Each structure stands twice: as structure tokens, then as C-alpha cells.
Amino acid sequence: MNPDLERLQTYPFQKLTALLEGAVPPEGRTPIPLYIGEPKHPTPEFIKRTLVDNLDGLAGYPPTAGGEPLRTAIANWLRMRYGLDAVDPRTQVIPVTGSREALFAFAQAVVDRARPDPIVVCPNPFYQIYEGAALLAGATPRYLNSLPQRGYTFDPGELPESVWRSVQLLYVCSPGNPTGHVMTLDEWSQLFALSDRYGFVIASDECYSEIYFEEGRPPLGALQAAVQLGRQGWPRLVMFSSLSKRSNVPGMRSGFVAGDGAILKRFLLYRTYHGCAMNPAVQAASAAAWKDEAHVTENRRLYREKFAAALEILRPVMDVEMPDAGFYLWPSTPLADPEFARRLYEDQAVSVLPGSFLARTAHGINPGANRIRIALVASVDECADAARRIRAFVETLGYRR
Ligand SMILES: Cc1ncc(COP(=O)(O)O)c(C=O)c1O
């Protein structure tokens, strides 16, 4: 077997299962799971209908690059959403079967093992797929801490020049999971300068881009930032987007990559062998979803309601803050985060993810330590109920802000 499999870390949800083993929630209390970032709002009817209406497509093999109608729908969405003048649906867009598989596959296509000491940079805390992708591509992951005292911005000085010279790929996540931080134009400018200097590829994970709180003020995207900074053709820049959170279809497995056409050409070659072409019915449903914004606006309204309710309940006892975007709260805990999560479950039947399960100790700090990730994915009422239970638990610890 591939020995690199041994280098993979246990996945955060498995760590949580082990942590909660033997923990018994109070009798009669309905469990509320807020540990996983899986949207729970219903899938819009028109998406389901389009899926069913296109089942005839199952009779043929879909092309790896996706059909023209979906690629055009995505290119049009990109133009509209990010104010881009031109996106070529033939060369600058590839539909993917969920951003997770694409984020993973991308490292396999990008990393050159023949160069000495390949390095892949991940934010910290982070979505663990980046790290696994780096390890299985034969690279060493290195981490840039995302800390509240720095407003969750990255500090390139955490890695020495000698490391930057070996970086081949860098993942960013904006809006961030779990911090909710949206990268500013200044941060992008700094990152593009580093990429130009050291020649690494940027993989920009933007799967939370449509969960924001002020209509008319969506998060800045990587491609948009590049254009605003006067860059042409998105050199060494690829963004990853997804319908999972935007349109409440995590089970449909649909997203796309867009950006540098030369890189996407090579990535498409990789994908021919990878074998992840999108089901034609899913393509039709995805095109319909990218063409509609009304359901996304409604989705955001529900998240706004949940944040308003949860923040009002939790603020007196925790340092919860409204994130820039996304659907996570990322407060600090008065106990070590694994202990907090286990005792909260035993006391109130609410499960949250210990922050240290989402981060590594880097530069002497584990940025997830003494934090928890609360995913506001359940219904408005359930999220408010969970917030009340978390507050009651924190109060039993005798902790007030
Ligand atoms: C940061 C981040 N990126 C990517 C994904 C993958 O999403 P999907 O594969 O459903 O597009 C997730 C899912 O939770 C995520 O949190």
C-alpha cells in the first residue's frame, strides 16, 4: 500500500466520535448536532424537479469537462457575482463533483515530486482535506496561523524564506472555515506578490462565499481581487466553489473550479484519469441552481435569523462574534475545548466540534485550542434552543463575561 496513507491524520469527526464515546446525554433531551457543516435547509423544489426531469441523460457517459450549458451557466454566474468582464467557459471553468474532491485532486495534479522538498501551505485552523491532499501528493504541509488577535489575517513571516522557496501550492479559505474571515484586497495583494515571487499556485476555497449577511455586500473573491489589482488571466490562481452550502444540495456533489486556463488544461488531463465526470442530470440541476439567486437570498435570510438569535443568547456568557461570512461561530471556551465539548454533550445533548481538532500546533500555538466550532445549520428554532442550552451549560461552570 501507499505508505503516505500512514501520514494521514484522523479526521475531526472521527476524533469527535472517540471523544464522545460513552458520554450519555440527559434522558429525554433531543440531541442537537451542530458539529458538522452540513446545510440542513431543504433543497429547493426546482432543483429536485430539474434533476428528475433530466434522468434520460443517464443513458450516456458525460464528458470530463462537463457539458457546454453548465459551463456557460457557471461562467455567467462568475461574471455576474464578481463583476468580471470575461470568463471563457471552455478554458477557464471545469465543473467538479463537489469542491472536496477537486481540492484533493488539485494537489495531485499540481505538486511536482521531482523538485526537492515540495511544500503545500495550509491555513491553520483548516479544512483537513488540504492536509491530506498535500500528504498524498508527496508534499509536506506547512501552516499559517489564523489568529483572532490579527483579525485572522495570515503572517507570511511565520515561514522562513527557505520554506517559501519550496512552496508549490498554497490553500486559502475565504470565507474561512471555521473563522468566517473574508480576505481583503490587501491580503490578496500580499498573497499574489508572494505567488509571483516564489512561483506557487494558489487554490482559493470559496465554498462559503454565498453565506453572507448584508445583501448587496458579498465577500470579495480571488478572481475578482486579481482583476481589481490589474492582473490579467489569473496566473497561478484557481478558485473552488460549490452548490452545497449556497443551494442546500450537499448530497448532489456539485461545484466548479475556475481561473488560470493553462493550469485548468493540465487539471482536466488529470481528471480524465481521476474519473469524476458529473452525472448529466446533476449537470442540468446545477445549471438551474447557478441561474437562480432567489433561493440563495432566502437561504441567507435564515442564516441571518439564526445568527441574530444565537448571538443574543450567547453574548453574555461567551465571546461570540458575528463572522464576516459563513455559518460558523468560533468562540473561545472557559475549559479545554475537548472537555468543554464532551461535558456540553453530557449536560445538554448539544454536540459541537473542539477547535483543536481543526488545527495543528504551528509556531508554538494551536489556534484551535480552547475554541469550539458551532455550525448554525439546524433550523432557526433548534439553533436558538441549542444556544440556550450552551448558555445554561456555561453558566453551570460559573462563567460570565
Ligand atoms: C472549507 C470547506 N471547503 C470545501 C468543502 C467541501 O464542500 P463540497 O465538497 O460539498 O463542495 C467544505 C465542506 O464542508 C468546507 O468546509
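Leu8 is partly exposed, with 35% of relative accessible area, and this residue of a predicted model makes a good starting point for a walk through the structure. Leu8 sits in the segment that comes before helix H1, and together with Met1 and Leu5 it makes a nonpolar patch of about 350 Å² on the surface.

Charged residues are also found in this opening part of the chain. Asp4 and Arg7 join their side chains in a salt bridge, with 3.5 Å from N to O. The two partners are covered to unlike degrees, since Asp4 counts as buried at a relative accessibility of 15%, while Arg7, with a relative accessible area of 34%, is partly exposed. As a general point, side chains of opposite charge can pair when their charged atoms come close.

Moving along the chain, we reach helix H1, which spans residues 12-20 and whose buried residues are Pro12, Leu16, Leu19 and Leu20. Why can these buried residues be said to line one face of the helix? When the helix is viewed down its axis, the buried residues fall within an arc of 85°, and therefore they line one face. Gln14 and Thr17, on the other side of H1, are exposed. The cover over the buried residues of H1 includes parts of the chain that come much later in the numbering, among them helix H12 (337-348), strand E10 (350-351) and strand E11 (353-354). After H1 comes Gly22, a residue whose phi is positive, near 80°.

Helix H12, which helps to cover H1, deserves a closer look of its own, and two salt bridges can be followed within it. In one of them the side chains of Glu339 and Arg343 meet, with 3.1 Å from N to O, and these residues lie four apart in H12, which is about one turn of the helix. Both partners are partly exposed, Glu339 with a relative accessible area of 38% and Arg343 with 34%. In the other, Arg342 pairs with Glu346, and their closest N and O atoms are 3.4 Å apart; here too the two residues of H12 are separated by four positions, about one turn. Arg342 counts as partly exposed at 25% relative accessibility, and Glu346 is partly exposed as well, with a relative accessible area of 30%. Elsewhere, salt bridges that share partners join Glu161, Arg165 and Arg197 into one network. For the whole model the count comes to 22 salt bridges.

From charged pairs we can turn to the interior. In soluble globular proteins, nonpolar side chains tend to be buried together. In this model the largest nonpolar core has 48 residues, and those with the most contacts inside it are Leu78, Trp164, Trp188 and Leu191. Helix H3, which covers residues 68-82, gives this core its largest share, namely seven residues. Which residues does Leu191 touch, once those up to four places away in sequence are not counted? Leu191 touches Phe154, Leu170, Val172, Met183, Phe200 and Ile202. There is also a second, separate core, which has 47 residues and includes Cys207, Trp330, Val350 and Leu376.

Definitions and conventions
Residues are numbered from 1 along each chain as its sequence is written. This is a predicted model: local features need pLDDT of at least 70, side-chain atom pairs count only at pLDDT 80 or more; totals for chains, interfaces and linings use all residues. Side-chain values use heavy atoms; hydrogens and water are left out. Buried means under 20% relative accessible area, exposed over 50%, partly exposed in between (1.4 Å probe, protein chains only). The arc is that of the directions from the helix axis to the C-beta atoms. Contact means heavy atoms within 4.5 Å. Patches are made of residues with over 30% relative accessible area and no salt bridge: like charges are joined within 9 Å, nonpolar side chains (Val, Leu, Ile, Met, Phe, Trp, Tyr) within 5 Å. Accessible areas come from the Shrake-Rupley method with a 1.4 Å probe; for residues, only the protein chains shown count as cover. A salt bridge is a side-chain nitrogen of Lys or Arg within 4 Å of a carboxyl oxygen of Asp or Glu. A nonpolar core is a set of buried Ala, Val, Leu, Ile, Met, Phe, Trp, Tyr and Cys residues joined through side-chain atoms within 4.5 Å.
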